[in-house]
Amino acid sequence: MEKSTISQAMLKVSELERIYRDKMYTMMRLENVIQEYILEADGTRYDCNEVVDFNREFELIIELGEEISNIKTKISKANNENYIEIKNGRLSLQGALNRIKYLREQVNNFQNILEGVKSSKERKVDAAATSVYYKVKEPNFDKRELKKYLEDKNEEILDLEIALNKANNEILIDID
């Protein structure tokens, strides 16, 4: 049994997935799996193209898929069974991954709102030009409070990522 950290296992999965995609792409190109040849009347055959060894590549793709699946399953198991310490207590690695995803999405959405909301004051005159008024646009929330909230959430994301990275480089899993 080969022991690897979660980070090393993720790198191995990434490399195996690259090989898997390349092999599958080669197989999906029909000119690689269709033998084309000229057959003369006397039975002489002339190959017109080179094809891949379908059975060999097929078996390799199946093996790669199974290996990728097995390693990913072991990574998932490790993510569910191991915990990191955070300010509010303990959180599984998977819980930390879920929280980071949720927080990033939330921060991104609120950041877009914050950047899109502008205050304005426009001087207007009524149709008869007898009175002047102002058309005012202001956010209905405190921008400073939202900025502070976003800073806090970005800090929480960073803390979670650091703890996750540390755990991923320390926790060992068996990959066959």
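Which residues are buried in helix 4? In this predicted model, the buried residues of helix 4 are L146, L150, K153, I157, L160, A163, L164, A167 and N168. They pack against strand 1, helix 1, helix 2, strand 4 (83–86), strand 5 (89–92) and helix 3.

Helix 4 itself runs over residues 143–170, and its length can be checked against an ideal rise: at 1.5 Å a residue, its 28 residues should span 40 Å, and because the end C-alpha atoms lie 41 Å apart, the two values agree. A similar check can be made for helix 1 (residues 6–28), whose 23 residues reach 32 Å from the first C-alpha to the last, close to the 33 Å expected at 1.5 Å a residue.

The buried residues of helix 1 are I6, S7, A9, V13, L16 and M27. Among the elements that cover them are strand 1 (2–5), helix 2 (54–81), helix 3, helix 4 and strand 8 (172–175), and helix 1 is in turn one of the elements against which the buried residues of helix 4 pack.

Two helix pairs can be described in terms of their axes. The axes of helix 3 (residues 93–116) and helix 4 come within 9 Å and cross at roughly 155°; since angles over 145 degrees count as roughly antiparallel, helix 3 is therefore roughly antiparallel to helix 4. The crossing of this pair is left-handed, and the contact of helix 3 with helix 4 has 15 nonpolar, 4 polar and 7 charged residues.

For helix 1 and helix 2, the axes come within 9 Å and cross at roughly 155°, which means that helix 1 is roughly antiparallel to helix 2. The crossing of helix 1 and helix 2 is left-handed, and by class their contact has 18 nonpolar, 2 polar and 6 charged residues. The residue classes in the two contacts are set out below.

| Helix pair | Nonpolar | Polar | Charged |
|---|---|---|---|
| Helix 3 with helix 4 | 15 residues | 4 residues | 7 residues |
| Helix 1 with helix 2 | 18 residues | 2 residues | 6 residues |

A single residue of strand 1 completes the picture. T5 has its place in strand 1, and it counts as buried because its relative accessibility is 10%, where the cut-off for buried is under 20%. Leaving aside residues up to four places away in sequence, T5 touches N168, N169, I171 and L172; of these contacts, N168 is also one of the buried residues of helix 4, and strand 1 is among the elements against which the buried residues of helix 4 pack.

Methods: Residues numbered from 1 in each chain as written. Predicted model: local features only at pLDDT ≥ 70, side-chain atom pairs only at ≥ 80, totals over all residues. Heavy atoms only, no water. Axes fitted to C-alpha atoms, helices over the stretch in contact; angles between N-to-C directions. Helix = DSSP H or I, 4+ residues; strand = E, 2+ residues; numbered from the N terminus. Parallel < 35°, antiparallel > 145°, perpendicular 65-115°, else oblique. Left-handed = near helix turned anticlockwise from the far one by under 90°. Nonpolar A, V, L, I, M, F, W, Y, C, P; charged D, E, K, R; others polar. Expected span 1.5 Å × (residues − 1). Buried < 20%, exposed > 50% of the residue type's maximum accessible area, 1.4 Å probe, protein only. Contact = heavy atoms within 4.5 Å.
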